[in-house]
Amino acid sequence: MLCSASCVTSKKVNYLQEPDKYIPSYSDTLLYTDYILQTDDRLYIQVYSIDEKISALFNGGATFSNVRQMARNNSANSNSDLYTYLVDTDGNINFPTLGHVYVKGLNTREVKHLLEEKLSGMIVQQGDMPNLSVEVQVVGRTFSMIGMKSGRYTLPKEKVTIFEALAMAGDIPDFGYRHEIKIVREVNDSTVIKTFDVRSEDIINSEYYYVEPNDVIYIRRMPGYSFGINSAATAVSVTAGTISFGVFIYSLVRRIINAAKTQ
């Protein structure tokens, strides 16, 4: 009885299973959209130009060759604070020479085009070739996990799947609920909670497949977690130990009773 109630079967823990009456089928709703900027986001912005004066003006004194060298050395993260702009409570970033630029509600490509348009209008063009281009990235992108797994993790790239996120956290322990994963997500200045079964292979085509910045993933414990039984062998071992302990107690009580009778 203990084994049937607490054993963790492959059906409960395996990923990418075919949908059936226990595992839901998700409709093909996968439509990856660029992340929409929100308040408190931080943008890494670099301006590239063959004109050294322009590069120095917008990159804190760094010339075009310096910026290219940093890009080749992948040192943007180590120096990101020098070129990072906070989206304030009004939705603006404070950019050199331009002042406040409203970026909330835009994606990074839209911010790139917006800045290139504004900056190009301030700079004389050389023929048909623009004098500059702008690189925009969101930095400090994280997600959190609570419940059976706890921690805050940095998103290493723009598109991170739920399986990659779970792997970063060390996967879900055997006694974690895989069929009721909850994600708390900020959408258009409101909070929504999405619940899904990560065991279903249909998850890869659904809206739940990609993790977004600031997501909070909640993993519940199964009721049997407190027993620590995660296999049939463990269940047999626990049952045998319980029986042995019961026999020992029974024998001890009988001895005490017999000793009392002889007196």
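Ile-249 is found in helix H7, which spans residues 232-262. In this predicted model, the residue is partly exposed, its relative accessible area being 34%. Together with Val-253 and Ile-257, Ile-249 makes a nonpolar surface patch of about 210 Å². Because patch membership requires over 30% relative accessible area, the value of 34% admits Ile-249.

Aromatic side chains were examined next. Seven aromatic pairs are found when the whole structure is searched. One of these joins Tyr-26 and Tyr-208 in an edge-to-face arrangement, with 5.4 Å from centre to centre and 65 degrees between the planes. Tyr-26 lies in the loop between H2 and S1, whereas Tyr-208 lies in the loop between S10 and S11, so the pair ties together parts that are 182 residues apart in sequence. Both Tyr-26 and Tyr-208 are buried. The ring of Tyr-208 also pairs with that of Phe-196: the centres are 4.9 Å apart and the planes are at 15 degrees, so this pair is stacked. Here the link runs between strand S10, which holds Phe-196, and the loop between S10 and S11, which holds Tyr-208, the two residues being 12 apart. Phe-196 is buried, with a relative accessible area of 1%, and Tyr-208 is likewise buried, with a value of 14%. Tyr-208 thus takes part in an edge-to-face pair with Tyr-26 and in a stacked pair with Phe-196. Elsewhere, ring pairs link Tyr-15, Phe-163, Tyr-209 and Tyr-210 into a cluster.

The loop between strand S10 (190-196) and strand S11 (210-211) also contains Asp-202. This acidic residue is buried yet has no salt bridge. The nearest side chain of opposite charge belongs to Lys-11 and is 13 Å away; since a salt bridge requires a nitrogen-to-oxygen separation within 4 Å, Lys-11 does not provide a partner for Asp-202. Apart from residues up to four places away in sequence, Asp-202 touches Pro-19, Ser-25 and Tyr-26. Tyr-26, one of these contacts, is also the edge-to-face partner of Tyr-208.

A further aromatic residue, Tyr-35, lies in the loop between H2 and S1. Tyr-35 is buried, with a relative accessible area of 10%. Once neighbours within four places in sequence are set aside, the contacts of Tyr-35 are Asp-41, Leu-106, Asn-107, Thr-108, Val-138, Arg-141, Pro-213 and Asn-214. In addition, the C-alpha atoms of Tyr-35 and Lys-159 are 9.7 Å apart in space, although 124 residues separate the two in sequence.

Positive phi values were also found outside glycine. Asp-40 has a phi near 80 degrees, a positive value in a residue other than glycine. Asp-40 is found in the loop between helix H2 (10-13) and strand S1 (42-49), and is exposed, with a relative accessible area of 56%. Thr-97, which is not a glycine either, has a positive phi of about 70 degrees. The loop between strand S3 (92-95) and strand S4 (99-102) contains Thr-97, and this residue counts as partly exposed at 46% relative accessibility.

Definitions and conventions. Residues are numbered from 1 along each chain as its sequence is written. Side-chain values use heavy atoms; hydrogens and water are left out. Helices (H or I, at least four residues) and strands (E, at least two) are DSSP runs, numbered from the N terminus. Buried means under 20% relative accessible area, exposed over 50%, partly exposed in between (1.4 Å probe, protein chains only). Lys and Arg count as positive and Asp and Glu as negative; His and the chain ends are not counted. Contact means heavy atoms within 4.5 Å. Patches are made of residues with over 30% relative accessible area and no salt bridge: like charges are joined within 9 Å, nonpolar side chains (Val, Leu, Ile, Met, Phe, Trp, Tyr) within 5 Å. Accessible areas come from the Shrake-Rupley method with a 1.4 Å probe; for residues, only the protein chains shown count as cover. Rings of Phe, Tyr and Trp (its six-membered ring) pair if their centres lie within 6.5 Å; planes under 30 degrees apart count as stacked, over 60 as edge-to-face and the rest as tilted.
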